[in-house]
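Biologist: I would like a close look at one part of this model, the place where the two domains meet. Please take that part in detail and then relate the rest to it.

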Amino acid sequence: MSLLSSYLQSGQFCILVEYLTSLNEVFPVRNQFAGYPAVMTLADRVHSDHDVSPLEASKKYPKDAEKVLHFAGKGRDIQDFERFLAQAKIANIQNLLLLTGDKLKEHQNGNNAVERSRYLESVNAVMAAKKAGGFCIGTAFNPFKYAEAERDAQYLKLHKKIKAGADFIITQLGYDIAALKQARAFLKQHHYAQNILACVMPLSWARAKFMLKHKVAGIVITPHMFKVLADEKEAGLSEQVYLRCALQILICKQLGFAGVDLSACHKPEEQMLLERYIEQYSHLDLDALERLWNQLWKIQSGHEFQPELNYFSRPPSSSQLIKYHHLHLMHDALFDSKVARGLGRFIFKASFWERASAAKTLLKTEYISKHGVVGCESCGQCRLGDTLYICPETCPKGLANGPCGGTSLDRCEFGDRECIHSVKARLAKAVQQTQVLKEKLIPAVPIAVRGSSSWKNWYLAEEA
Ligand code: SF4
């Protein structure tokens, strides 16, 4: 059992100190932080798509130093992850944090399903790590969502991550205590035993400005928050950044979080300041801590951490509902019924389909009949039956199991469309199919399968 697992199992509040591999430094290994057990974590490709890999960076540290390695699925296939797992085992890495990751800086749209940049979903990575065995598996979760459908979609996917085998959960970076409380309550309400840790960071005005300027995916900085930080900077109160971070850590502890993931606090002088504040305020109870927190953030209504909802989310239109019911009927008749399965197997078993010309014609026919209706990109492993007939390939990251953490008020991280997972969550509610989005673990599509006919693959998979 890893040290981290033992902290989580014994209920010892712990601090994961996160380092960026792009800094190319060897940081002092911390076993303790402000009196709490500490573990180092190495983040994956935060600054650029070409940062040193966490596995490579981990070699600079003693073998017995407890580490959590991040693995972001961006630009990766399931085979890349399986290779990573094998290497992590050899390097005796026991703790993983698996995430889909934000948009690749060098994302390729590509002209077809093979050329496009791919993202391995966290759900699929968790499933593979669980199957490999021997890892303490963490997964990321973003509770800071303020449109109903995007919040629903996040929680539906969290169910899947847990079902896939996640041992612990780390939230996205965020400052809304109400959203953190909600995430904790969710686990309790569903009797999930998984521990949850909150990602925290000393938030200065300069950092907030950087995040707003670069639209860092999934992080909410409201105008109110930015003004508080700007006023503070103006008044020369820079140390309040660390006091606030200390308060958030102590609040999370009081709320029953298993620990925190401390990011962007790698300099010894920053860590000392933060530790000093944690020790100074650790005697306070939750009420007193929250009072101080609210004072520092100048909270009055409680809505100051929430972005302004600038539109009304509508229920699915009648044409969306008709399309769903129509496709559902067709799917049942052509792919799920006993007769269809038997007939399909019989047809596609013929050696005729091995001919290149026949395979090409079949692929083209499938593409033409589905692209205009659902946006099919010939992934070769049709998942429409598990995604309420909304093709996962219409998500720029190609995610099938649910959204990444990067949406903002139902808008996709890529900014050019509504998030398809919000659309799906809304539709699921209307047709009473949320169970599908909550429970059905959709396997990853291997690169080798892309660009082949899913029809043939479907019927012949039945055979295998
Ligand atoms: S999921 Fe189905 S509709 Fe979407 S790309 Fe794959 S085969 Fe086409």
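Modeller: What follows describes the contact between the domains, then a salt bridge across the chain, two loop residues and the surroundings of the ligand.

The model is a predicted one, and every value below is computed from it. The domain assignment splits the chain into domain 1, residues 3-297, and domain 2, residues 318-463. Their C-alpha centres are 32 Å apart. Across the boundary, 37 residues of domain 1 are in contact with 40 residues of domain 2.

The size of an interface is often given as the accessible area lost when the parts come together. Here domain 1 and domain 2 bury about 3,200 Å² between them. Carbon and sulfur atoms account for 56% of that area. On the domain 1 side, the residues that lose the most area to domain 2 are Arg116, Leu156 and Lys160, which together make up 19% of what that side buries.

Polar interactions also cross the boundary. Five salt bridges are counted between domain 1 and domain 2. A salt bridge joins Lys429 to Asp152, with 2.9 Å between the closest N and O atoms. The count of residue pairs in polar contact between the two domains is 24, taking pairs with both residues at pLDDT 80 or more.

As for secondary structure, helix 4 (122-132) and helix 5 (148-164) each provide at least two residues of the domain 1 side that touches domain 2. Helix 5 gives the most to that side, 12 residues. Sorted by class, the side of domain 1 that touches domain 2 holds 14 nonpolar, 10 polar and 13 charged residues.

For the structure as a whole, the salt bridges number 26. Glu393 and Arg118 form a salt bridge through their side chains, at 3.0 Å from N to O. This pair links distant parts of the chain, 275 residues apart. Glu393 sits in the loop between helix 14 and helix 15, while Arg118 sits in the loop between strand 5 (95-99) and helix 4.

Two loop residues have a backbone angle to note. Lys298 has a phi near 55°, a positive value in a residue other than glycine. Lys298 belongs to the loop between helix 11 (286-297) and helix 12 (318-336). Gln432 likewise has a positive phi, near 55°, and is not glycine. The loop that holds Gln432 runs between helix 15 (420-430) and helix 16 (434-439).

The ligand remains. There are 14 residues around the ligand, and those that come nearest are Cys376, Glu377, Cys379, Cys382 and Cys391. Helix 14 (residues 356-374) contributes the largest share of this shell, three residues. By class, the shell around the ligand consists of seven nonpolar, two polar and five charged residues.

Note on methods
Residues are numbered from 1 along each chain as its sequence is written. This is a predicted model: local features need pLDDT of at least 70, side-chain atom pairs count only at pLDDT 80 or more; totals for chains, interfaces and linings use all residues. Side-chain values use heavy atoms; hydrogens and water are left out. A residue is near a molecule or strand if one of its heavy atoms lies within 4 Å of it. Helices (H or I, at least four residues) and strands (E, at least two) are DSSP runs, numbered from the N terminus. Ala, Val, Leu, Ile, Met, Phe, Trp, Tyr, Cys and Pro count as nonpolar, Asp, Glu, Lys and Arg as charged, and the others, Gly among them, as polar. Domain bounds come from an automatic or database domain assignment. Contact means heavy atoms within 4.5 Å. Buried area is the accessible area (1.4 Å probe) that two parts lose on being put together, summed over both. A salt bridge is a side-chain nitrogen of Lys or Arg within 4 Å of a carboxyl oxygen of Asp or Glu. A polar contact is a pair of N or O atoms within 3.5 Å; within protein, one must be able to donate a hydrogen and the other to accept it, and residues adjacent in sequence count only if both atoms are side-chain atoms.
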